[in-house]
Amino acid sequence: MSTIVYVPRDAAALAAGADAVAAAIERVAAARNAEVTIVRNGSRGLLWLEPLVEVQSEHGRIGYGPVALDDVPSLFAAGFLKGDPHPLCLGPVEELPQFRLQQRLTFARCGLGDPLAPMAWRGLQEARKLSPEAIVQQVLDSGLRGRGGAAFPAGIKWRTVAATPSKQKYVVCNADEGDSGTFADRMLLEGDPFLLIEGLAIAALAVGASKGFVYIRSEYPHAIATFEAALAEARKAGVLGQGFDIEARVGGGSYVCGEETAMLESLEGKRGIVRAKPPLPAISGLFGQPTVINNVLTFAAVPTILERGADFYQHFGTGRSRGTLPFQLAGNVKQGGLFELPFGLTLREVVFDIGGGTASGRPVKAIQVGGPLGAYVPESQWDLPLDYDAYTAQGLVLGHGGIVVHDDTADMAQLARFAMEFCAVESCGKCTPCRIGSTRGVEVIDRIVANHNRPQQVRLLRDLCDTMVHGSLCAMGGMTPFPVLSALDHYPQDFGLVDESAKAA
Ligand SMILES: Cc1cc2nc3c(=O)[nH]c(=O)nc-3n(C[C@H](O)[C@H](O)[C@H](O)COP(=O)(O)O)c2cc1C
Ligand code: SF4
């Protein structure tokens with residue numbers, strides 16, 4: 001009987017040599033007359049273990065990892081096809097503490113098998129039994145908030161589009177995923193693309209849209225290929241093509257193209273420049289038509305809500321942050337990866353209990369949460385619950401769930417400088433506080449570090465940040481001060497200041 005061996009085809013596993021490992025397993029199996037069926041699955045998200053090979057044995061599904069090419073002969077010799085011990089043996093993957101702590105709703109299927117294997121579309125079937133209003137109500141009742149950054153209630157957006165009369169409406173999925181340390185959208189596109197298609201099809205039913213677009217960043221060639229293949233399969237299955245279809249579009253390669261109105265411009269074939277709001281895209285979006293715009297993770301949460309009910313989904317989480325967030329742990333961390341958790345755990349639990357602390361073994365100094373526009377969170381705030389409102393109350397953001405860890409060798413003044421430089425490079429240029437302010441910000445930080453009239457320059461930096469926060473047209477310029485000021489406030493010594501003078505300046 002043939003033994004099923006899973007070798008991920010996710011880009012993170014491929015980067016770690018998964019293709020060569022799969023080929024070696026096939027080769028050695030043939031040489032030993034062992035029958036194996038290799039399934040190229042998505043990733044389980046335990047990225048420090050990639051390539052994470054799993055074997056369907058009589059003891060269950062047993063994991064081995066990280067598997068290097070040279071390990072393959074010894075795995076066969078140790079009897080890994082029977083799930084036997086080997087130094088790389090991890091036991092059942094779902095029993096690993098980093099897996100058991102999770103609550104995988106959106107990523108429930110990701111990594112289990114072939115991402116393009118036929119599926120039941122249960123969420124869509126349930127949606128088809130409901131009126132459009134009832135679908136929107138389910139999403140409202142679930143408490144689902146946008147997972148792309150701003151955490152706006154998804155149901156309210158959908159209700160606005162549903163209520164706006166128009167012959168043509170669109171659903172647009174934002175898969176630009178530009179935030180540092182984030183890869184959840186990519187993992188889902190590669191590991192369970194049908195879930196996103198299902199979420200988009202449900203949204204289309206709810207608001208009366210006939211066309212969907214998925215805007216995928218150009219740096220994700222594997223995700224684009226898998227998603228295109230999934231679209232073709234969904235058309236064959238009759239899920240798409242009858243009253244609703246989806247097109248994948250490759251992004252323009254700039255961070256600001258992830259801002260929803262710049263994305264619409266880019267989708268319309270123009271330069272990715274931010275539009276002034278109002279009008280909201282829900283009223284006048286793509287080609288001037290009512291448009292639902294949501295992140296990959298927002299749409300992908302919807303099938304579970306429809307299949308298992310709003311009550312089931314909103315039972316997870318805390319306060320007004322309902323459900324789960326797939327946190328992505330990256331940077332200087334021992335066990336990086338994607339961990340889907342209900343809102344409410346603390347950063348300390350995620351970084352230390354799940355992530356195992358730094359990869360370097362040195363103390364953690366700062367943790368940036370929420371992408372390049374998110375603040376650096378100092379140790380005094382590591383015990384806050386990871387929930388949208390608790391974070392906002394402290395001037396922090398959860399954003400798309402990206403967590404980037406830095407050890408005590410990090411120079412926070414240079415990281416603050418990088419935030420301004422990033423804004424200068426990525427600014428769309430439409431408004432002055434961001435376009436000019438970010439460049440001046442780099443210069444001011446350089447002068448602070450070089451001790452050119454430091455106290456005056458610190459005051460200037462604070463004034464500049466104030467202007468950017470209050471005068472920028474979008475969150476690019478409006479939030480760049482978050483990492484800058486958090487670095488200055490919590491790590492003044494890195495700017496050549498002592499604690500008191502940074503606050504007073
Ligand atoms: C500079 C900038 C970059 C952004 N990049 C992304 C992105 O890559 N992906 C994303 O979903 N949202 C991004 N957003 C947020 C979007 O503007 C928008 O709020 C989101 O796509 C709406 O979906 P959601 O409600 O499901 O979060 C970005 C916002 C800004 C200001
Ligand atoms: S804040 Fe920056 S990115 Fe946003 S509109 Fe202004 S110039 Fe463009």
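## Exercises on a predicted model

Val 5 stands opposite Ile 38 in strand 2. The model is predicted.

**Exercise 1.** Work out how strand 1 joins strand 2, and which strands stand at the edges of the sheet.

*Solution.*
- Start with the pair. Strand 1 covers residues 3–6, and 4 bridges join it to strand 2. The two run parallel.
- Lay out the sheet. It is open, with 5 strands in the order 2-1-3-4-5 and mixed pairing.
- Read off the ends. Strand 2 (36–39) and strand 5 (89–92) each have a single partner strand, so one side of each lacks a neighbour in the sheet.
- Add the twist. From one strand to the next, it averages 25 degrees.
- Place the helix. Helix 2 (residues 18–31) packs on the sheet and touches strand 1, strand 2 and strand 3 (53–57). The direction of helix 2 makes about 170 degrees with that of strand 2.

**Exercise 2.** Classify the crossing of helix 8 and helix 12.

*Solution.*
- Take the geometry. The axes of helix 8 (residues 184–191) and helix 12 (residues 296–308) come within 9 Å and cross at roughly 50 degrees.
- Assign the class. The two helices are therefore oblique to each other.
- List the contact. Ala 184, Asp 185, Leu 188 and Leu 189 of helix 8 meet Val 296, Leu 297 and Ala 300 of helix 12.
- Sort these residues: 6 nonpolar, no polar and 1 charged.

**Exercise 3.** Find which element gives the most residues to the shell around ligand 1.

*Solution.*
- Begin with the nearest. Of 22 residues around ligand 1, these are Gly 146, Gly 148, Gly 258, Asn 295 and Thr 298.
- Narrow the candidates. Strand 9 (291–295) and helix 19 (475–479) give two or more residues.
- Choose. Strand 9 gives the most, with 3 residues.
- Check the composition. The shell holds 8 nonpolar, 9 polar and 5 charged residues.

Notes
Residues are numbered from 1 along each chain as its sequence is written. Chains are lettered from A and ligands numbered from 1 in the order in which they are written. This is a predicted model: local features need pLDDT of at least 70, side-chain atom pairs count only at pLDDT 80 or more; totals for chains, interfaces and linings use all residues. Axes are lines fitted to C-alpha atoms, for helices over the stretch in contact, and angles run from 0 to 180 degrees between N-to-C directions. Helices (H or I, at least four residues) and strands (E, at least two) are DSSP runs, numbered from the N terminus. Angles under 35 degrees count as roughly parallel, over 145 as roughly antiparallel, 65 to 115 as roughly perpendicular and the rest as oblique. Two residues are in contact if their C-beta atoms, placed from the backbone, lie within 7 Å. Ala, Val, Leu, Ile, Met, Phe, Trp, Tyr, Cys and Pro count as nonpolar, Asp, Glu, Lys and Arg as charged, and the others, Gly among them, as polar. A residue is near a molecule or strand if its C-beta atom, placed from the backbone, lies within 6 Å of it. Two strands pair if DSSP finds at least two bridges between them.
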